[in-house]
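Here is a short tour of one protein model, written for someone who likes to know the cut-offs behind each statement. Have a look at the structure first, and then read on.

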Amino acid sequence: MSMLAERRARTKQRRAGMSLRPAATLTLFSLLAALTATALVALTVGAAGIPLSRLPAALGLWPDGIANPLLARDQLVVWSIRVPRIAAAAMVGALLAVSGAIMQGLFRNPLADPALVGVSSGGAFAAAAAIVFTDSHLGESLRFLQHQLLPIAAFAGSLLTTIMLYGIASRGGRTSIAIFLLAGLAIAAIANAGIGLLVFVADDRQLRDITFWLLGSLSGATWSKLTALAPVLAIAPVACLAIARGLDVLVLGEAEAFHSGVDVERLKRISIVLVSAMTGVAVSVCGVVGFVGIVVPHLLRLVIGPAHRLLLPASALLGAILLVGADTVARTIVAPAEMPIGILTAAIGAPFFLAMLLRQRGLVSL
């Protein structure tokens, strides 16, 4: 009883500290304004530059009073290339950031991340297998369904990987974080070995598609590919609201959460399926993009606290900001070529991850 009383006291202290945090509404509106500004910058920057003065006409908000011979080009670039790409970056960033926040709450570890523990690798392996299979003689009859099969395959691979991780790390109702992370590394290695085998047997066109998944890129974002994200984006907000309170209570431990009225096993099932769905469709659109799920929730916890009711929507907004900004840099820093976005997020996220490890050992402050 004394241990439980101590934990409740710590919980009250955390709640008291949360009252000093910025107001939830102000935080969310600030992130929404930052996302809008980032998207506007992304619309104007690129190989075909569109000045801010020509952007309203290109978006069709109002007609250009002066005859502009570049109007047709601007509209083509904005609506066929940049708007779907920015929308894809925002959606994928939001899905990856929320997936990381849910996994960290479920496993009670700030280092948990779909990419780090192999969930993204499992989805990428399944998507790569679908690419090779549909381009082979055996799968020739399904080639016309390749765009529809990719998100399904990526979701199935992510779901299977997550279930395997949870089954390996959980024993007797308790989850071993060390085994969870080590098993994730092992499963990621197995998935990467499978991807290597597929690269070995692939032809040139298949090899280009598989490389796209490995490095991560939004260059192939189209309106048709965004439809794969729509069902998950419609379900995710409702599911996140349903599990937010359970994740808050779960931080005290599974026994305490159960006695607080939380159906722990149901919470785990919903979280696992939700993370798999979000990671799977994100991988199907842009390939493997790492560290978004680690960096975003951790930064927000430092600012707004650990309450998932606010953390999950804030993670979605900040994840969207991060990936839209990273994609804008990736397609302009080496213009007219494009840097794979996975390289950029890894270059930013890996040092941050090391800083988190050092902070846990008390060597640095973050």
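The report below covers one helix, the salt bridges and the cysteines.

This is a predicted model, in which local features need pLDDT of at least 70, side-chain atom pairs count only at pLDDT 80 or more, and totals for chains, interfaces and linings use all residues. Residues are numbered from 1 along each chain as its sequence is written, and side-chain values use heavy atoms, with hydrogens and water left out.

**Helix 5**

Let's begin with helix 5, which covers residues 119-134. Helices here are DSSP runs of H or I with at least four residues, numbered from the N terminus. Helix 5 has 16 residues and reaches 23 Å from its first C-alpha to its last, close to the 22 Å expected at 1.5 Å a residue; the expected span is 1.5 Å times one less than the number of residues. Because 13 of those 16 residues are buried, helix 5 is largely enclosed by the rest of the structure. Buried means under 20% relative accessible area, exposed means over 50%, and partly exposed lies in between (1.4 Å probe, protein chains only).

**Salt bridges**

A salt bridge is counted when a side-chain nitrogen of Lys or Arg lies within 4 Å of a carboxyl oxygen of Asp or Glu. By this rule the model has seven salt bridges, including the ones tabulated here.

| Pair | Closest N to O |
|---|---|
| Arg-54 and Asp-74 | 2.7 Å |
| Asp-327 and Arg-85 | 2.9 Å |
| Arg-85 and Glu-338 | 2.9 Å |

Arg-54 and Asp-74 form a salt bridge that links distant parts of the chain, 20 residues apart: Arg-54 sits in the loop between helix 2 (24-44) and helix 3 (55-59), and Asp-74 in helix 4 (residues 71-107). Arg-54 and Asp-74 are both buried.

The salt bridge of Asp-327 with Arg-85 connects helix 14 (residues 308-330) to helix 4 across 242 residues. Both of these residues are buried.

Arg-85 also pairs with Glu-338, which lies 253 residues away in the loop between helix 14 and helix 15 (341-360). Which side of the burial cut-offs does Glu-338 fall on, with its relative accessible area of 38%? Glu-338 is partly exposed, whereas Arg-85 is buried, at 7%. Through shared partners, salt bridges join Arg-85, Asp-327, Arg-331 and Glu-338 into one network.

**Cysteines**

How many disulfides are there? The count is zero, where a disulfide is a pair of cysteine sulfur atoms within 2.5 Å. Cys-240 counts as buried at 10% relative accessibility, and Cys-286 is buried too, at 1%.

Terms used. Helix = DSSP H or I, 4+ residues; strand = E, 2+ residues; numbered from the N terminus.
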